[in-house]
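Dear colleague,

Please find below the structure that I am handing over to you. My notes on what was found in it follow directly after.

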Amino acid sequence: MAVEQLEKFTVTIDGIPVQVEPGTSILNAARQIGGDIVPPAMCYYSTLEGSGGKCRTCLVKVSKGSEKDPRPMPKLVASCRTNVMDGMEVQNITSTEVLDARKSIVEMLLINHPLDCPVCDQAGECKLQDLSYEHGVEQTRYEFERRTFERIDIGDKIQLHMNRCILCYRCVYVANQLTEGRQHGVMYRGDHAEISTFIEKAVDNDFIGNVIDVCPVGALTDKTFRFKSRVWFTKPVDAHRDCPTCSGQVTLWYKGEEVLRVTGRKDEYNEVHDFICNTCRFDKKRTSDWVLDEPTKLDKESVITANHYNTFQPIPVIKNNPELQEANEEQLARTERLK
Amino acid sequence: MQSLSNRKKVLEQKPMNFWERIYLPAIVKGLGITIRHYFKKKPTVKYPEQERPYSKNFRGQHSLKRDELGRERCTACGLCALSCPAEAITMTAAERKKGEEHLYREEKYAAVYEINMLRCIFCGLCEEACPKEAIYLDGSHVTAEYLRKDFIYGKDKLVEPVFDIQKLNQKQSS
């Protein structure tokens with residue numbers, strides 16, 4: 001009875017009111033509205049318990065605490081970790097203070113992040129790239145040496161580029177919550193912090209491949225996809241198969257007829273809801289292994305949509321004319337003889 | 001109808017008078033123009049021996065650049081191919097092995113890099129898109145070929161030769 005009687009809270013985000021359940025975070029309330037007013041998030045991941053509160057990109061301004069206590073909150077708050085109150089008024093993109101803060105956060109995230117996007121396999125689907133494109137400054141002010149690490153192989157399928165890591169802890173939560181027996185975590189503190197396996201021990205668990213999907217940057221990448229193709233030259237197609245260990249709902253990334261890689265299905269906030277197992281991810285790379293559903297729906301501003309047709313078999317550009325082909329071959333034979 | 005531009009000239013057609021009918025003054029006038037041009041500066045050049053200078057922003061055949069140590073700058077990031085409106089560029093990336101550091105600048109390089117010169121419209125967008133300053137359209141005209149397949153230029157034709165100061169000195173002294 002009590003559950004049904006719980007009143008819904010009304011929050012206003014950037015002037016748009018929305019009714020949400022008590023206990024919802026500001027970020028999720030904004031996601032219920034959708035559109036431009038959703039704060040970006042680098043570390044929060046809705047399917048991972050306890051994630052969020054680390055990257056500070058989702059900072060918002062609470063200009064009115066609640067109906068009962070209308071005082072504004074003294075500082076900007078992380079919207080992924082702050083729950084809504086009834087009558088709360090939140091400013092995101094309407095507040096210059098928030099936009100300024102976000103710009104500084106991006107600059108801070110990029111302090112140690114190398115600008116090797118031309119080499120990085122994540123480029124094109126990298127959240128940090130999008131974020132810095134939208135909110136970042138063009139020039140870095142950082143004059144000191146960036147911290148550098150050697151590349152580490154975690155198992156034979158996953159590669160860790162610690163240089164690119166922004167310490168969002170998502171992969172740690174994946175290792176904690178999806179796999180039994182955690183072998184992966186963050187070591188050291190502050191500027192020295194790095195994600196690592198215990199004494200570089202190879203992680204072998206059926207779901208460990210998901211750390212690739214949850215990584216917002218190119219720190220954890222698929223070794224089987226390494227340098228195969230840029231993301232925007234591949235075509236994503238949703239597919240499924242009967243998998244005994246996972247849901248089997250995946251996205252296949254095609255280049256021509258070839259499946260270059262398999263990932264989980266990501267929603268508009270780049271979050272995977274059905275985590276997939278390593279067998280699906282690394283071992284099933286033939287079309288015959290899968291039942292194709294439909295081409296993945298992409299944001300129209302995404303670079304991945306460049307030069308893509310939204311059909312399985314695009315209509316041929318040139319009509320097949322056997323008569324003309326024969327004539328061309330004859331012509332070719334003649335010119336070859338002349339040479 | 002009234003003219004919209006007000007630049008219309010109305011031609012008047014009248015019957016020719018006596019001087020116009022005998023043609024001689026017109027012939028003399030025409031010959032005068034011909035003879036005057038005979039002493040003027042010629043606007044043409046004798047092409048194979050003499051060549052016109054290219055303009056500074058002329059866009060010709062592409063070249064893939066090397067850096068100051070002679071390593072290839074291209075990292076096969078694919079932005080040139082993405083920006084190409086004619087879809088003339090294709091590439092395959094490869095990872096740099098140990099011991100190849102003197103050949104390629106970054107850990108990834110283009111193992112195959114092909115431009116189809118029949119498709120290319122020489123718009124220069126690839127040059128603009130390149131984050132590594134690796135491609136420039138600074139060559140001359142693309143030459144004619146007999147076969148279509150010869151217009152697909154690979155790395156052998158595109159990558160600029162290694163800069164060698166000694167060879168340059170030899171050429172200058174000889």
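Is Glu294(A) buried or exposed? Please bear in mind while reading that this is a predicted model. Glu294(A) is exposed, because 11 other C-beta atoms lie within 10 Å, and a residue with 12 or fewer is placed in that class. Glu294(A) belongs to strand β14 of chain A, which covers residues 291-295. Between the C-alpha atoms of Glu294(A) and Phe149(A) there are 40 Å, and 145 residues separate the two along the chain.

Val98(A) offers a contrasting case. This residue sits in helix α3 of chain A, which runs over residues 96-109. Val98(A) counts as buried because its C-beta neighbours inside 10 Å number 20, and the class begins at 20. Once the neighbours within four places in sequence are left aside, Val98(A) is in contact with Leu59(A), Val60(A), Lys61(A), Leu76(A), Gln91(A) and Asn92(A). For one of these, Lys61(A), the C-alpha to C-alpha distance from Val98(A) is 6.5 Å, although their positions lie 37 residues apart in sequence.

Turning to chain A as a whole, eight helices and 14 strands are found in it. Along the principal axes, its C-alpha atoms fill a box of roughly 90 × 50 × 45 Å. Chain A has 339 residues, of which 37% are buried. If one considers the contacts in chain A with a separation of 6 or more, 62% of them are between residues 24 or more positions apart.

Helix α8 of chain A, residues 322-338, deserves a separate remark. How does the distance between its end C-alpha atoms compare with the span that its 17 residues should have? At 1.5 Å a residue the helix should span 24 Å, and the end C-alpha atoms are 25 Å apart, so the two values agree. The same α8(A) is hardly covered, since the count of buried residues among its 17 residues is zero.

Finally, I turn to the contact between the chains. Chain B contributes 14 residues to this contact and chain A contributes 10 residues. On the side of chain B that touches chain A, strand β2 of chain B (residues 89-95) gives the most, with three residues. By class, that side of chain B comprises seven nonpolar, two polar and five charged residues.

With kind regards

Technical notes: Residues numbered from 1 in each chain as written. Chains lettered and ligands numbered in written order. Predicted model: local features only at pLDDT ≥ 70, side-chain atom pairs only at ≥ 80, totals over all residues. Helix = DSSP H or I, 4+ residues; strand = E, 2+ residues; numbered from the N terminus. Contact = placed C-beta atoms within 7 Å. Nonpolar A, V, L, I, M, F, W, Y, C, P; charged D, E, K, R; others polar. Expected span 1.5 Å × (residues − 1).
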